[in-house]
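Work through the exercises below with the structure open. Each task is followed by a solution in steps.

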Amino acid sequence: MQKIYTRMGDGSVVELSESEVRQDLEEGTKDAAERAKIPPLSEDDLQRLLELYKCPDKSVGVEKGKEVILSYDSGTTKFNRVNVSVSKLQSLQIYERMLGADTMEMGHMDYSYKPAKNIMWIEQPVFEQALLVTIPPLFYGAMPNLGLYTQPDGPCLNPMELLPQGKISEARATQEEMIEHAVRDMVYVGSLMYESGADGINFDTTAAAGDADFLATLRAVEILKKKYPQMCIEMGMSGEFILGMHGELTYDGVKLAGLYPHKQVELAEKAGVTIFGPAVNTNTNESCAWNTARAVTFTKACVENSNIPIHANVGMGVGGVPVTETPPVDSVSRVSKAMVEIGRLDGL
Amino acid sequence: MDKEQLIKEAEKSIIDADKAKAEELAKSAIAAGMDPLEVINKGFSVGIAKVGDLFGRGELFLPELILSAEAMKVAADILNASLPKGAQKRGKVVMGTAQGDIHDIGKSMVVSFLQANGFEVYDIGRDVETQKFIEKAQEVDADIIGMSALLTTTMSGQKTLIEELKKAGLRDKFKVMVGGAPATQRWADRIGADAYGVDAADAAEKAMKLLGEK
């Protein structure tokens with residue numbers, strides 16, 4: 001029987017039989033369903049995914065008329081990361097005029113709210129210039145990145161130093177202190193950039209430092225939304241569930257640690273988020289079929305439980321895309337098509 | 001308490017992160033003349049593996065994980081110390097996290113598993129220069145060097161370690177094990193590592209195989 005050309009989660013090429021792909025799809029959706037306690041993909045969905053992997057085309061796309069919004073995060077840092085020497089304005093123009101971006105984002109290379117606050121006086125005029133030379137909605141974005149608030153980078157004791165010493169309450173207290181600093185910085189930067197004309201503010205890679213990171217962002221969103229009711233706020237996540245680095249934090253009475261995308265979005269919506277971006281981690285030891293079925297299962301449940309647009313993260317190491325510097329088009333296009341047609345999301 | 005019940009209690013004490021109970025059970029096992037390795041492998045190690053799985057699923061959180069790891073260490077230390085001479089140490093392992101990588105939860109779990117399985121482990125910490133792995137391995141005359149990496153940007157340290165060992169003419173002296181979220185068996189094969197551990201329990205199994213015990 002003819003083998004199906006696909007990849008593993010680390011990008012390496014692998015040829016699997018149809019039954020092996022089918023088995024991986026079943027196991028991937030089962031894993032997501034068991035973890036998040038959500039329904040697995042239906043037989044119909046699995047069959048469509050199997051057809052997607054059987055398709056010999058190198059890249060695939062959605063049917064005409066089913067295209068979705070392409071919202072790019074961290075846009076002005078990505079070209080520089082691969083050593084292409086372009087300015088922020090040029091990056092944005094490339095996204096607009098060559099890559100078909102529907103929304104774009106400007107950010108500083110450090111890409112965290114804490115360092116960004118010190119250079120607002122540089123960022124604001126550049127952002128205003130960018131608004132004058134581009135048409136799509138333009139966000140300003142960065143990561144909450146609570147890790148930057150611990151010593152030696154910040155004022156707070158490091159919970160990762162305290163926990164191994166058994167100082168649990170001290171580790172929790174320092175995370176609560178970090179939240180206050182992070183909220184202040186996110187509100188400060190968000191306010192200034194919105195007043196400079198930003199169409200929206202993006203909180204990217206939210207909860208990377210765990211439940212405290214998530215709580216800080218929810219609180220910042222709440223404050224900004226009260227201050228600027230028309231502000232568009234995008235929240236992109238960092239992983240499929242909220243790591244319990246603190247373990248006892250709550251928002252609106254809900255414990256944050258351990259929440260999966262379909263529950264994360266409920267709180268994001270309550271806080272005032274306008275667009276939510278779930279992130280599902282790619283397992284490098286499993287095939288793209290396994291990872292895609294799993295990512296689509298989490299995302300579909302998130303979409304079904306949400307009243308706000310869902311723009312899933314589909315990029316290196318998330319959403320079923322392999323962990324490679326330049327994600328292969330065969331994998332990215334398959335994940336994108338599956339996310340749109342089966343996950344029913346609103347944007348990528 | 002019979003053996004089966006003690007083994008079950010041992011597993012539970014780790015899941016409950018009950019250090020005092022784990023200590024009491026380890027001592028009871030020795031007093032009752034049970035095989036320490038059996039108590040570790042079928043009881044305490046099963047408990048810590050379940051804790052790792054629950055953490056990976058977002059059903060148990062970091063503070064609890066740390067407390068469970070502490071309970072595991074107390075029990076493992078007591079039981080390892082009671083192993084008969086000769087069987088006491090299976091081999092020496094130098095373990096650390098690659099340079100630039102501050103994530104050490106996974107590495108610490110591997111250390112716990114190796115210790116629980118009778119290895120003498122030298123944990124050199126996180127964000128460790130490649131050369132320090134080699135220096136420590138030479139200093140303690142290690143059998144295995146283990147390097148963990150959580151990031152795609154730091155996993156290249158595992159490749160560098162093997163290259164540096166070759167340059168120094170030491171490649172045949174030490175077995176090299178790699179692990180961490182972005183690492184795979186294919187990556188281990190590509191860089192010429194001797195083994196890859198998918199998780200802590202697997203790492204301990206592979207370490208034993210490397211030393212020809214299984």
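**Exercise 1.** In this predicted model, find how many residue pairs are in polar contact across the interface of domain 1 of chain B and domain 2 of chain B.

Solution.
- Step 1. Locate the two parts: domain 1 of chain B covers 3-81, and domain 2 covers 92-210.
- Step 2. Look for polar contacts across their interface, counting pairs with both residues at pLDDT 80 or more: the rule finds zero.
- Step 3. Look for salt bridges across this interface: the count is again zero.
- Step 4. Sort by class the side of domain 1 of chain B that touches domain 2 of chain B: nine residues are nonpolar, four are polar and none is charged.

**Exercise 2.** State what area domain 1 and domain 2 of chain B bury between them, and which three residues of domain 1 supply the most of its share.

Solution.
- Step 1. The two domains of chain B bury about 850 Å² between them, with 69% of it on carbon and sulfur atoms.
- Step 2. On the side of domain 1 of chain B, Ile48(B), Leu65(B) and Asn80(B) supply 33% of the area buried against domain 2, more than any other three residues.
- Step 3. In contact terms, 13 residues of domain 1 of chain B meet eight residues of domain 2 of chain B.

**Exercise 3.** Decide whether Ile233(A) is buried or exposed.

Solution.
- Step 1. Find Ile233(A) in strand β6 of chain A, residues 232-237.
- Step 2. Its relative accessible area is 0%.
- Step 3. Buried means under 20%, so Ile233(A) is buried.
- Step 4. Beyond four places in sequence, the contacts of Ile233(A) include Ile201(A), Phe203(A), Val221(A) and Ile275(A).

Key
Residues are numbered from 1 along each chain as its sequence is written. Chains are lettered from A and ligands numbered from 1 in the order in which they are written. This is a predicted model: local features need pLDDT of at least 70, side-chain atom pairs count only at pLDDT 80 or more; totals for chains, interfaces and linings use all residues. Side-chain values use heavy atoms; hydrogens and water are left out. Helices (H or I, at least four residues) and strands (E, at least two) are DSSP runs, numbered from the N terminus. Buried means under 20% relative accessible area, exposed over 50%, partly exposed in between (1.4 Å probe, protein chains only). Contact means heavy atoms within 4.5 Å. Domain bounds come from an automatic or database domain assignment. Buried area is the accessible area (1.4 Å probe) that two parts lose on being put together, summed over both. A salt bridge is a side-chain nitrogen of Lys or Arg within 4 Å of a carboxyl oxygen of Asp or Glu. A polar contact is a pair of N or O atoms within 3.5 Å; within protein, one must be able to donate a hydrogen and the other to accept it, and residues adjacent in sequence count only if both atoms are side-chain atoms. Ala, Val, Leu, Ile, Met, Phe, Trp, Tyr, Cys and Pro count as nonpolar, Asp, Glu, Lys and Arg as charged, and the others, Gly among them, as polar.
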